[in-house]
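Colleague: I have a new model open and want to learn how to read it. Where do we begin?

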Amino acid sequence: MGLIVAGERSGVGKTTVTLALLAYLKRQDRQVQSFKVGPDYIDPMFHRYVTGRVCRNLDPMLTSEAYVQQCFDRHAQTATHALVEGVMGLFDGASGQAGFASTAHIARLLDLPILLVLNCSGMSDSIAALVHGYRSFDPRLKVAGVVLNRVSSDRHLSLLKSAIEPLNIPILGVLRRQDAITIPDRHLGLVPTAELANLNAVVDQLAHLGETCFDWAQLMPLLESQRSAVSGEQSAVSGQRSAVSGQQSAVSVVQSGSKLQQSAINDQNSKLTSVAAQSATQNSKLFLPFGKPKLRSRYAFLECRRLYKTLSTPAPRIAIAQDSAFSFYYADNLDLLEALGAELVVWSPMSDRALPDGIQGLYFGGGFPEVFAEQLAANDSARMAVRSAICSGIPTYAECGGLMYLCEQITNFEGQSFPMVGVLPTTAIMGKGLMLGYRRAIALQDSPILQKGAEIYGHEFHRSHLTQESPFPLFSLHPTPHTPHPTPHSSLPTPEGWHLPNLHASYVHLHWGTQPDIPDRFLKQCVAHAYALTRT
């Protein structure tokens, strides 16, 4: 089954409750798989730190409802317990989407019971009205119990229990005000795990909370996943909860009812990955990017190896920028690259003096380059190596913070400017304004990952802007469907992103789960570039 942790609003303690539950389960040597509703990168980092397992995002706006179901079922089956952390308030979803992509939406899709976290500060009898409203608002949902958070005293707890008792809903956890447990935050949310020196001590405190503040006799059965061995008769998505059968590969998942394009490039240089992708579709049991790691990529890797030899070209090695400045990656994106046969090589633009040897592609995720701009600027040799590689034609994909790194400069919140790679003739300047929300993006140019005219949904979340926009923008950004009361300005297309024949650089974060043609096209570009170098 599994359990989903929801809040009655943002800031009520969902993450604290989730991490406390995860930490206790981990201390008990339980295998627990966590998930996060929405596009967030940072909360999943904490999940992973606590559990030792990659946390998976569940976001039907960026992927699809069928993909969310399949992703959950695939990964929940690899553990004995499954826990999902919600987003915002229980019914808060994508703006203007009538609750689409909300925690409630995911709970309905996955048929999961809800653990509702309540901020009890400043309330006593009124808590009953709040609980009653949330439980009755959507009768399709099952609220399994509540967690009373920020309880100030025994007297306060007694009042809360008396108020809730007539509702006959279990109280599954009680947390007192916890001034000792704090995780610092900054302009885009929590400070990532890699920057917290005392995180182990915090996790110990969370595990203690998990052990002492919850009713495990009632919680444990809710958290247990229906783990079973994978068999030929087992569907990847069970019953009526999915439109995708066990015989289908994730490569065939559709978004908004549209079929994926089968191939973006058919020239001779891209022959090998085209055949590998075809083989993957025909062998979906082995090739599903959500499967067990050894099965997920073994067949595709061997098939690619055989084909690479026909062109005397090695398997594509992709350099993944990974350090405190660049840490925003969806695990499913990296899985898809590996499943298509790529070798992912992690490197640090902050500390490594050169790019990894023998690479055929560059991938820069988002993160906090503005926070570490001084260190990035000080690493002259890395900046020059990246510039030289891009100018020589290496296919490059850069999102948000990655785009900022490729600019001429980054100006931080204090007004200090630092030199960056400089392949884009613009400066990224930090400001107070927040660009946040889902975007419908239409490609205006061919890029290493998209063909001109392709439409995809992404997400923006940043406080910087560029001093110079591209004269040939990569995307035309549009409001998502059903945006409420669009103004003339908000309904107008917005040009965004920078494009070179071998470069895709944009503020828009993309999840490739239902778009495997994106990594397929990217790797084809990488292989074609490497093959061209062998012919010169």
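Modeller: With contacts. Contact means heavy atoms within 4.5 Å. Keep in mind that this is a predicted model.

Colleague: Show me a case. Leaving aside its neighbours within four places in sequence, which residues is histidine 478 in contact with?

Modeller: Arg439, Arg440, Ile442 and Pro493. Histidine 478 itself sits in strand E20, residues 475-478. Take its pair with isoleucine 442: 36 residues separate them in sequence, yet C-alpha to C-alpha they are 8.0 Å apart in space.

Colleague: Is histidine 478 buried or exposed?

Modeller: The cut-off for buried is under 20% relative accessible area. Histidine 478 has 16%, so it counts as buried.

Colleague: Now the annotated site. Which residue does the UniProt "active site" annotation cover?

Modeller: Cys400, according to an unreviewed UniProt entry. Such annotations may be inferred rather than shown by experiment. Cysteine 400 lies in the loop between strand E15 (396-399) and helix H15 (401-406). Its relative accessible area is 5%, so cysteine 400 is buried.

Colleague: What is cysteine 400 in contact with, leaving aside neighbours within four places in sequence?

Modeller: Gly366, Phe461, His462, Ser506, Tyr507 and His509.

Colleague: On to sheets. How do strands of a sheet pair?

Modeller: Through backbone hydrogen bonds, either parallel or antiparallel. Here, one open sheet has seven strands with parallel pairing. Their order is E3-E2-E4-E1-E5-E6-E7.

Colleague: Which are the edge strands?

Modeller: Strand E3 (56-58) and strand E7 (171-176), as each pairs on one side only. Ignoring direction, neighbouring strands of this sheet are turned by 25 degrees against each other on average.

Colleague: Take one pair. How many bridges link strand E1 and strand E5?

Modeller: Four, in the parallel sense, between E1 (residues 3-7) and E5 (residues 114-119). Valine 5 stands opposite leucine 115 in E5.

Colleague: Which strands does helix H1 touch as it packs on the sheet?

Modeller: Helix H1 (residues 14-27) touches E1, strand E2 (32-37), strand E4 (81-89), E5, strand E6 (143-151) and E7. The direction of H1 makes about 170 degrees with that of E4. Compare helix H8, residues 216-223. H8 lies across E1, E4, E5, E6 and E7, running at about 95 degrees to E4.

Colleague: And two helices against each other? At what angle do the axes of H2 and H7 cross?

Modeller: Angles of 65 to 115 degrees count as roughly perpendicular. The axes of H2 (residues 42-51) and H7 (residues 199-212) cross at roughly 80 degrees and come within 11 Å. H2 and H7 are therefore roughly perpendicular to each other. Phe46, Tyr49 and Val50 in H2 meet Leu199, Asn200 and Val203 in H7. By class, the residues of this contact are five nonpolar, one polar and no charged.

Colleague: Last one. Why is strand E10 largely enclosed by the rest of the structure?

Modeller: Look at burial along the strand. Four of the five residues of E10 (residues 317-321) are buried, so E10 is largely enclosed. Then look at its partners. E10 runs parallel to strand E12 (residues 343-347), joined by five bridges. In E12, glutamate 343 is the bridge partner of arginine 317. E10 also runs parallel to strand E13 (residues 361-364), joined by four bridges. There, alanine 321 has phenylalanine 364 as its bridge partner.

How values were computed:
Residues are numbered from 1 along each chain as its sequence is written. This is a predicted model: local features need pLDDT of at least 70, side-chain atom pairs count only at pLDDT 80 or more; totals for chains, interfaces and linings use all residues. Side-chain values use heavy atoms; hydrogens and water are left out. Buried means under 20% relative accessible area, exposed over 50%, partly exposed in between (1.4 Å probe, protein chains only). Two strands pair if DSSP finds at least two bridges between them. Axes are lines fitted to C-alpha atoms, for helices over the stretch in contact, and angles run from 0 to 180 degrees between N-to-C directions. Angles under 35 degrees count as roughly parallel, over 145 as roughly antiparallel, 65 to 115 as roughly perpendicular and the rest as oblique. Ala, Val, Leu, Ile, Met, Phe, Trp, Tyr, Cys and Pro count as nonpolar, Asp, Glu, Lys and Arg as charged, and the others, Gly among them, as polar.
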